[in-house]
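Here is a set of questions to work through with a structure at hand. Each one is followed by a short answer.

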Amino acid sequence: MLVAGIDIGSITTEALLFDKDKGILGYKIVQTGADSKKSAETALENVLAYPAKQSSDISYIVATGCGRKRAAFAQQSITEITCIARGVNHLFPEARTIIDIGGQDTKVIRIDEKGRVVEFEMNDKCAAGTGRFIEVMAKALDVDLDKIGDISLHHKKDVAISSICTVFAESEVISLVSEGEVIEDIVYGIHKAIADRTMGLINRLGGVEEGVIMTGGVAKNIGVVKALENILGTQLKIHVEPQIVGALGAAILALEKV
C-alpha cells in the first residue's frame with residue numbers, strides 16, 4: 001500500500017512516498033517559491049518518477065506545513081507539529097524532545113513514547129533564530145549559505161550579537177565587520193544567538209528530556225548544531241535528511257487513515 005506526505009514550507013516543499021511494507025520509497029525537496037500550490041504538485045510529480053509510480057497508485061495523501069491548505073490533491077491536512085512528532089517517533093523511538101528550526105519559525109516539541117505531542121513552544125512571530133535569519137546574515141557578510149556553518153567552527157573568540165530582531169541584527173553584523181571583527185567570530189556569534197533564542201523556548205517547557213532530536217533545514221548547519229549542543233550539554237541526533245521528517249510523519253498518518 002502506497003501513501004504520500006507533502007510538507008509545504010515557506011522556503012522548501014518536501015514530498016515523500018511511503019510503502020506499508022518497504023518504508024520510505026523516495027522523497028523530493030523543491031523550492032517553494034511564490035506558488036506553493038505549484039511547488040507541491042511539482043514535488044509530488046518528481047518523487048513519483050523515480051519508482052515509476054502514478055498518482056493513482058497512491059491510496060492516501062496528507063499535507064502539512066504552513067502551505068498545507070494549498071495542496072488540493074491531498075485528502076487531509078494536518079499541522080506540522082503533529083507530523084514532525086510522528087516522523088521523529090518513527091526514526092527515533094527513544095526521542096522525547098524535538099528542536100525544529102525551519103525557514104520561518106522555530107519549534108520545540110515534547111512527545112511521548114508513541115509520538116504524540118505532549119506540549120510545545122513555537123516562535124512564529126519573528127524571523128530571528130530561523131533559516132531566514134541565517135540567509136539575511138549570510139548575505140550581509142557575503143558568505144555562501146552552504147558554508148556558513150563550517151566557517152563558525154574556526155572562531156577564536158565569542159562575539160555577541162545582542163539584537164533579536166533580524167533587521168537590527170543585520171545592522172549590528174555590518175557594524176562588527178567595519179570594526180574589524182573577523183568573519184569566523186561574527187558567524188559564531190550569529191549561531192550562538194540562534195541557540196540562545198531556541199533555549200528560551202526550551203526553558204518555557206522546563207528544559208529537555210533525554211533523546212533530543214533536531215529537524216528542519218537549519219539542522220544542516222553544523223554551526224547552529226554545535227552551538228546548541230554546547231548550551232544543552234548533550235549531543236543532538238539528526239536524521240541524514242532532516243528536512244523530510246514532517247513529510248514522513250504526514251505519510252505515516254496517511255497510512256493510518258487507510
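The questions below concern a predicted model.

Q: What is the strand order of the open sheet of 4 strands, and which are its edge strands?
A: Pairing in this open sheet of 4 strands is mixed, and the twist averages 15° from one strand to the next. The order is 8-7-6-9. Each edge strand pairs on one side only, and these edges are strand 8 and strand 9.

Q: How many bridges join strand 7 to strand 8, and in which sense do they run?
A: Strand 7 covers residues 106-111 and strand 8 covers residues 117-123. The two form a hairpin with 5 residues between them. Across the pair, arginine 110 stands opposite glutamate 119. The strands run antiparallel, and the number of bridges is 6.

Q: Which residue in the turn between strand 7 and strand 8 has a positive phi?
A: The hairpin has 5 residues between its strands. One residue in this turn takes a phi of about 80°, and that residue is glycine 115.

Q: Is asparagine 89 buried or exposed?
A: Asparagine 89 belongs to helix 2, residues 80-91. Leaving aside neighbours within four places in sequence, its contacts are Asp112, Glu113, Lys114 and Gly115. Its relative accessible area is 16%. Buried means under 20%, so asparagine 89 is buried.

Q: Which residue in strand 9 stands opposite threonine 97?
A: Strand 6 (residues 97-101) pairs with strand 9 in the parallel sense over 4 bridges. Along this pairing, isoleucine 99 stands opposite methionine 214. The residue opposite threonine 97 is valine 212.

Q: Which residues of strand 9 are buried on each side?
A: In a regular strand the side chains alternate between the two faces of the sheet. Both faces of strand 9 are covered. The buried residues are Val212 and Met214 on one side, and Ile213 and Thr215 on the other.

Q: How far apart in space are arginine 96 and glutamate 181, C-alpha to C-alpha?
A: Arginine 96 sits in the loop between helix 2 and strand 6. Its contacts beyond four places in sequence include Ile109, Arg110, Glu209 and Glu210. Arginine 96 and glutamate 181 are 85 residues apart in sequence, and their C-alpha distance is 39 Å.

Q: What span should helix 6 have, and how far apart are its end C-alpha atoms?
A: Helix 6 runs over residues 183-204 and has 22 residues. Just after this helix, glycine 206 takes a positive phi of about 85°. At 1.5 Å a residue the helix should span 32 Å, which agrees with the distance between its end C-alpha atoms, 32 Å.

Q: Why is one side of strand 3 and of strand 5 left without a neighbour in the sheet?
A: The open sheet of 5 strands has the order 3-2-1-4-5. Strand 4 (residues 58-64) pairs with strand 5 in the parallel sense over 2 bridges, with valine 62 opposite glutamine 76. Strand 3 and strand 5 stand at the edges, so one side of each lacks a neighbour because each has a single partner strand.

Q: At what angle does helix 8 run to strand 1?
A: Helix 1 lies across strand 1, strand 2, strand 3 and strand 4. Helix 8 lies across strand 1, strand 2, strand 3, strand 4 and strand 5. The angle between helix 8 and strand 1 is about 140°.

Q: How much space lies in the largest pocket?
A: The lining of the largest pocket has 36 residues, with Gly103, Gly216, Gly217, Val218 and Gln243 nearest its centre. Among the elements that supply at least two lining residues are strand 2, helix 2 and helix 8. The space in this pocket is about 840 Å³.

Key: Residues are numbered from 1 along each chain as its sequence is written. This is a predicted model: local features need pLDDT of at least 70, side-chain atom pairs count only at pLDDT 80 or more; totals for chains, interfaces and linings use all residues. Side-chain values use heavy atoms; hydrogens and water are left out. Two strands pair if DSSP finds at least two bridges between them. The expected span of a helix is 1.5 Å times one less than its number of residues. Buried means under 20% relative accessible area, exposed over 50%, partly exposed in between (1.4 Å probe, protein chains only). Contact means heavy atoms within 4.5 Å. Axes are lines fitted to C-alpha atoms, for helices over the stretch in contact, and angles run from 0 to 180 degrees between N-to-C directions. On a 1 Å grid over the protein atoms alone, a cavity is a set of points where a 1.4 Å probe fits but cannot get out, and a pocket is an open set with protein on both sides within 12 Å along at least five of seven lines; lining residues have an atom within 4 Å of a point. Grid points are joined across faces, edges and corners, and a volume is the space filled by probe spheres set on the points.
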